[in-house]
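Here's a walk through one model, written for someone who'd rather be at the bench. Have a look at the structure first, then read on.

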Amino acid sequence: MTYDTLIRQALIIDGSNTEGYVADVGLRDGRIETIGDLSTAAAVHEIDATGRVLAPGFIDVHTHDDTVVIRQPQMLPKLSQGVTTVIVGNCGISASPVSLRSDPPDPMNLLGSAAAFVYPRFSDYRSAVESAHPAVNVAALIGHTALRSNHMDDLHRTATAAEIAAMRVQLHESLEAGALGLSTGLAYASAFNAETDEVLQLSEELTAFGAVYTTHLRSEFEPVLEAMDEAFLIGRHAQVPVIISHLKCAGAGNWGRSPQLLAALESAAKTHPVGCDCYPYAASSSTLDLKQVTDAFRITITWSTPHPEVGGRDLQDIAGEWDVSLMDAARRLQPAGAVYYGMDEADVRRILAHPLSMVGSDGLPEDPFPHPRLWGAFPRVLGHFSRDVGLFPLHTGVHKMTGLSAARFGLSERGEIREGHWADLVLFDPLRVRDVADFKAPQCAAEGIESVWVNGVQSYSNGQANTQRAGRFLARSGDLRQGFKWESGT
Ligand code: ZN
Ligand code: CU
């Protein structure tokens with residue numbers, strides 16, 4: 001039997017959170033056909049992978065790649081990390097279904113300017129992804145703020161019954177067309193005034209589909225536990241899984257509280273399917289939020305529409321140069337993006353190491369001076385946190401970016417190296433793998449990621465993307481509750 005590709009003698013870390021083993025892997029027709037001793041088999045492409053790790057392609061469960069997968073389908077920032085699937089539509093903002101009246105409201109502008117929002121229905125977005133043939137697989141959530149902007153003339157209030165009904169129709173249609181679930185960004189001004197009841201009503205659309213509720217909490221600062229309770233209330237009401245986005249303790253007064261947050265998550269997980277994602281850095285990034293302007297920690301400006309020349313500079317410096325307060329400088333810079341050095345490293349490590357956390361980059365691909373998580377999150381977990389710091393064994397780090405993620409989001413036949421699964425794979429050097437992107441030079445490909453296969457097609461090798469792009473649109477498959485374990489569940 002001749003395979004399309006044979007990867008010989010790699011240490012296979014299969015994504016299931018168990019130790020690796022050495023074997024050969026034969027790929028055919030986009031799938032993993034055989035795992036074992038294939039020393040007598042032949043293939044069109046043969047790779048000697050001695051000393052290398054073969055893992056399932058990484059699943060970036062938290063992205064804002066909605067429009068970039070169409071406009072820059074080579075997806076180099078992700079492919080170069082070994083990422084083979086991205087989940088878009090997080091934090092309440094999605095490219096579809098959207099019909100804008102004017103400029104996209106903050107933070108929908110993180111996905112691009114008005115010209116990028118040309119998908120009035122989710123099915124339009126899905127077709128656009130399919131015809132763009134991105135290099136990575138794409139699955140999508142529906143943003144609550146996107147729905148609000150379609151039906152409300154003023155986002156700074158809660159929705160009326162008629163507006164909620166209209167949002168429900170759009171959410172329902174999108175779920176029918178394959179969306180994974182609903183995301184909210186309740187901390188942002190464009191959704192903050194949505195009362196819990198508005199989200200509770202929307203969440204009822206998720207129930208019959210077994211779809212997921214993901215949330216950028218109403219607060220990541222002092223009231224974070226109350227915000228988690230709100231998220232669990234919504235999930236219990238709809239009887240659907242809850243994924244807390246980028247779980248963190250934000251703000252200097254909040255440092256050291258990660259054990260409380262994780263205890264709350266664990267206790268909820270006993271009776272309900274819940275989990276979280278996080279990125280492996282102690283700095284966050286988003287639009288420049290006046291509520292977060294402080295002198296308690298460093299803030300750098302990544303972009304500013306009226307002052308593009310300040311990208312990469314500290315807010316403190318800019319304010320000093322202009323001889324104004326931090327707040328006045330921040331006002332003048334609007335609209336703008338920022339990196340906030342507002343977390344404590346010990347909290348980041350505790351959350352990253354917790355068994356309920358998955359890795360998601362939260363990278364911002366439109367940002368001209370992006371947070372380095374866009375290019376570095378996944379290799380940073382493998383190199384820095386697993387190998388160098390010893391936070392967890394390599395197979396646990398891999399599990400948090402593959403098997404666990406695929407189970408939680410119902411990405412069937414992906415996330416683990418098993419016969420019959422799709423051949424989404426990454427081959428890396430465990431001794432050399434490391435994130436190169438940092439806060440000074442954030443757009444750099446990682447080292448040590450040697451080859452990446454997407455649906456069996458070698459899509460990245462020797463530091464270069466290949467011309468053939470093999471990503472697919474991944475529609476929701478089945479009931480997402482099945483990817484969790486809890487007392488009253490499976
Ligand atoms: Zn967010
Ligand atoms: Cu996000």
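## The open sheet

Six strands make up an open sheet in this predicted model, running in the order β9-β10-β11-β12-β13-β17 with parallel pairing. At the edges sit β9 (142-143) and β17, each of which pairs on one side only. Two strands count as paired if DSSP finds at least two bridges between them, and both helices (H or I, at least four residues) and strands (E, at least two) are DSSP runs, numbered from the N terminus.

Want a close-up of one pairing? Strand β12 (residues 242-244) runs parallel to strand β13 (residues 274-278), and three bridges join them. Isoleucine 243 has glycine 275 of β13 as its bridge partner. In general, sheet strands pair through backbone hydrogen bonds, either parallel or antiparallel.

## How to read the numbers

Residues are numbered from 1 along each chain as its sequence is written, while chains are lettered from A and ligands numbered from 1 in the order in which they are written. As this is a predicted model, local features need pLDDT of at least 70 and side-chain atom pairs count only at pLDDT 80 or more, while totals for chains, interfaces and linings use all residues; side-chain values use heavy atoms, with hydrogens and water left out.

## The zinc ion

Which protein atoms hold the zinc ion (ligand 1)? They are Cys91 (SG), His216 (ND1) and His246 (NE2), at 2.0 to 2.2 Å from the ion. Donors here are N, O and S atoms within 2.8 Å of the metal (3.2 Å for Na, K and Ca), and water is not among the atoms, so sites may look incomplete. Along the sequence, the zinc donors follow the spacing C-x124-H-x29-H. Distant parts of the chain are linked this way: cysteine 91 is in the loop between β7 (83-88) and α3 (122-132), and histidine 216, 125 residues apart from it, is in strand β11 (residues 212-216).

Cysteine 91 counts as buried because its relative accessible area is 3%. Buried means under 20% relative accessible area, exposed over 50%, and partly exposed in between (1.4 Å probe, protein chains only). Histidine 216, at 8%, is buried too.

## The copper ion

For the copper ion (ligand 2), the donors are His62 (NE2), His64 (NE2), Cys91 (SG) and Asp362 (OD), at 2.1 to 2.3 Å. Cysteine 91 bridges the copper ion and the zinc ion, which lie 3.0 Å apart. Another link across the chain pairs histidine 62, in the loop between β6 (58-60) and α1 (68-71), with aspartate 362, in the loop between β17 (357-359) and α13 (373-388), 300 residues apart.

The angles among the four copper donor atoms run from 84 to 165°, and the site is irregular. Four donors count as tetrahedral if all angles lie between 85 and 135 degrees; four count as square planar and six as octahedral if opposite donors are over 155 degrees apart and all others between 65 and 115; anything else is irregular. Histidine 62 is buried at 0% relative accessibility, and aspartate 362 is buried at 5%.

## Around α13

Proline 372 is in the loop between β17 and α13, and at 1% relative accessibility the residue is buried. As for α13 itself, 13 of its 16 residues are buried, so the helix is largely enclosed by the rest of the structure. Just after α13, glycine 390 has a positive phi of about 75°.
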